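Okay, thanks for coming, everyone. I'd like to walk you through one model today, so have a look at the screen while I talk.

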Amino acid sequence: MNSRALVFLSCVVLGLSACSPKEQTPESSATTDTAPVSTTSELVNTYWKLVGLNGKDVVVSDKQREPHLVFASDNRVAGSDGCNRIAGDYKLDGNKITLGQMIGTRMACLDNGDQAQAFNVVLGNIGSYQIQGSVLDLFDSSGAPVARFVAVALQ
């Protein structure tokens with residue numbers, strides 16, 4: 001595992017706000033505090049920010065964590081549902097992906113609790129994925145799109 005991935009995983013475990021990601025946009029790519037995201041992102045060791053869920057845009061309030069996932073090379077996945085930290089395992093077979101039972105913290109979700117719950121339901125029903133550029137789409141077992149993520153870089 002490279003040092004950048006170790007720093008990120010430490011940030012996830014410790015919940016350090018100083019390690020928050022910054023979305024890579026054409027306007028922000030010229031700034032010096034952001035590492036560039038490749039034009040074709042990899043599933044593993046990429047911070048995937050949730051931007052769409054069941055066909056709706058994801059809303060993040062000021063007091064809320066950003067919903068995201070990071071797939072590690074050891075077949076573990078960690079992130080946040082927007083309220084609680086979540087973790088589990090995953091299996092890949094080509095573009096097929098299966099997430100195992102996810103565990104998480106149990107904090108009270110004052111903002112967007114329904115969205116966090118819907119994200120967890122979606123994660124339990126993932127069947128496949130597709131990456132195009134810096135966009136990751138997850139599909140359910142019938143092939144319907146259920147979640148969209150964008151790759152972001154750490155500050």
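**A quick tour of the chain**

So, first the overall picture: the protein chain has 155 residues, and 40% of them count as buried. Keep in mind that this is a predicted model. In terms of secondary structure, we've got 2 helices and 11 strands. If you start at the N terminus and walk along, the order is α-β-β-β-β-β-β-β-β-α-β-β-β. Take the contacts between residues at least 6 apart in sequence: 51% of those join residues at least 24 apart. As for the outside, the accessible surface comes to about 8700 Å², with carbon and sulfur atoms making up 52% of that.

Now let's zoom in on helix 2, which covers residues 113–123. Which of its residues are buried? They're Q115, A116, F119, V122 and L123. Those residues span an arc of only 120 degrees around the axis, so they sit on the same side of helix 2. You may remember the general rule here: an α-helix has 3.6 residues a turn, so residues three or four places apart point the same way. Flip over to the face turned away from the buried side, and you find the exposed residues D114 and Q117.

Next up, a serine in a loop. S41 is in the stretch between strand 1 (21–23) and strand 2 (47–53). Is S41 buried or exposed? Its relative accessibility is 5%, and the cut-off for buried is under 20%, so S41 counts as buried. Who does S41 touch, leaving aside neighbours within four places in sequence? That would be T46, W48, I131, G133, S134 and A151.

Last topic: charges. How many salt bridges are there? The count is 2.

One is between the side chains of E66 and K49, at 3.7 Å, N to O. E66 is in the loop between strand 3 (56–57) and strand 4 (68–71), while K49 is in strand 2, so the pair ties together parts that are 17 residues apart in sequence. E66 comes out as partly exposed at 21% relative accessibility, whereas K49, at 17%, counts as buried.

The other one pairs D137 with R148, and there the closest N and O atoms are 2.6 Å apart. D137 belongs to strand 10 (residues 135–140) and R148 to strand 11 (residues 145–154), so to speak a link across 11 residues. D137 is buried, at 11% relative accessibility, but R148 is partly exposed, with a relative accessible area of 41%.

Conventions: Residues are numbered from 1 along each chain as its sequence is written. This is a predicted model: local features need pLDDT of at least 70, side-chain atom pairs count only at pLDDT 80 or more; totals for chains, interfaces and linings use all residues. Side-chain values use heavy atoms; hydrogens and water are left out. Helices (H or I, at least four residues) and strands (E, at least two) are DSSP runs, numbered from the N terminus. Buried means under 20% relative accessible area, exposed over 50%, partly exposed in between (1.4 Å probe, protein chains only). Contact means heavy atoms within 4.5 Å. Accessible areas come from the Shrake-Rupley method with a 1.4 Å probe; for residues, only the protein chains shown count as cover. The arc is that of the directions from the helix axis to the C-beta atoms. A salt bridge is a side-chain nitrogen of Lys or Arg within 4 Å of a carboxyl oxygen of Asp or Glu.
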